[in-house]
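Colleague: I should be grateful for a close look at a single helix of this model and at the way its surroundings are arranged. Please set out the reasoning step by step, for a student in the first year.

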Amino acid sequence: MKTIETNSVSPVSHPSGERRADVSVEAAGWLFFGSGFARVSMDDLARELGMSKKTIYRHFPDKRSLLAAVLDRQFATVERMLVTATEDAAGQPFAARVQRFLIAAGSELDRIGAPQLAAGRGDTMLRQYVEQRVDAVVYRRLDELFREGHRQGLLPAPPELLSEITRGALERLLVSELPRDLAWTAADLLRATVDTVLYGAIRPTAQDTGDGRPRPVIPTARDDAQEVGP
């Protein structure tokens, strides 16, 4: 399973109460997603930190509450990155705003290993918690973005349909071997996905097949004439 990125923590002897909680969360993230949540005990965490279990339990009553704090920290970072991406794309064409948002979302979810966590086996609580956080942090914003485009008359298709299609594509690409097989980056494929969702997989061109029907054109992220934005 892909690991959530955290930094190893040096044992600490006498941090303040607030600092103890913060350091515990940092160390727990490193241990939980490096070795696996089920394999790490509170004894392991106490040894890593140079603290007693009693000290850790003052801040976190059990291992699951500590895991929730680890995930909250990771998703808070994801949320900050998405807010930044949205602000940076303000004023740009709608398609470029969607593209920027999805690429930022895909990059952040991939960084923390969210799809693998949500699909993981053996811990229903973990799966449900990750799914809830992804929905709240990422997909609700995506839904609103598509509704905005629909209100502006830019998206004739129902925004709910576009949301479902895009959610599925994003989640699948993050766990797919397609980037490796095509020698494309995940960002390339996300751009192509946005292009396809917003404009369709077949576009009319000046040329046709001779029978009056348009020749099919498969959009790609590397077709500069079809790019929706930087």
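Modeller: The part to examine is helix H5. In this predicted model, 14 of the 19 residues of H5 are buried, so the helix is largely enclosed by the rest of the structure. The cut-off behind this statement is a relative accessible area under 20%, which is what "buried" means here.

Some context for the whole chain is useful. The protein chain contains ten helices and zero strands. Of its 230 residues, 42% count as buried. Among contacts in the chain with a separation of 6 or more, 64% are accounted for by residues 24 or more positions apart.

Consider next the helix itself. H5 has 19 residues, and the distance from its first C-alpha to its last is 27 Å, close to the 27 Å expected at 1.5 Å a residue. H5 is followed by glycine 113, whose phi is positive, near 70°.

What encloses such a helix? One partner is H4: the axes of H4 and H5 come within 9 Å and cross at roughly 160°. That angle makes H4 roughly antiparallel to H5, because angles over 145 degrees are counted in that way. H4 passes H5 in a right-handed crossing. On the H4 side, the residues making the contact include Phe75, Val78, Met81 and Leu82, while those from H5 include Phe101, Ala104, Ala105 and Leu109.

The picture can now be widened to the nonpolar core. In soluble globular proteins, nonpolar side chains tend to be buried together. The largest nonpolar core here has 58 residues, of which Phe75 and Val138 touch the most other members. Helices H4 (63–88), H5 (94–112) and H7 (124–151) are among the elements that give two or more residues to this core.

Which residues does valine 138 contact, leaving aside its neighbours within four places in sequence? They are Val78, Leu82, Phe101, Ala105, Leu109 and Arg133. Several of these names have already appeared: Val78 and Leu82 belong to the H4 side of the helix contact, and Phe101, Ala105 and Leu109 to the H5 side. Valine 138 is thus in contact with residues from both helices of the pair.

A last residue to consider is aspartate 195, which lies in helix H10. Aspartate 195 is buried, with a relative accessible area of 4%. Aspartate 195 and alanine 95 are 100 residues apart in sequence, and their C-alpha atoms are 8.1 Å apart in space.

Notes:
Residues numbered from 1 in each chain as written. Predicted model: local features only at pLDDT ≥ 70, side-chain atom pairs only at ≥ 80, totals over all residues. Heavy atoms only, no water. Core = buried A, V, L, I, M, F, W, Y, C linked by side-chain atoms within 4.5 Å. Buried < 20%, exposed > 50% of the residue type's maximum accessible area, 1.4 Å probe, protein only. Helix = DSSP H or I, 4+ residues; strand = E, 2+ residues; numbered from the N terminus. Contact = heavy atoms within 4.5 Å. Expected span 1.5 Å × (residues − 1). Axes fitted to C-alpha atoms, helices over the stretch in contact; angles between N-to-C directions. Parallel < 35°, antiparallel > 145°, perpendicular 65-115°, else oblique. Left-handed = near helix turned anticlockwise from the far one by under 90°.
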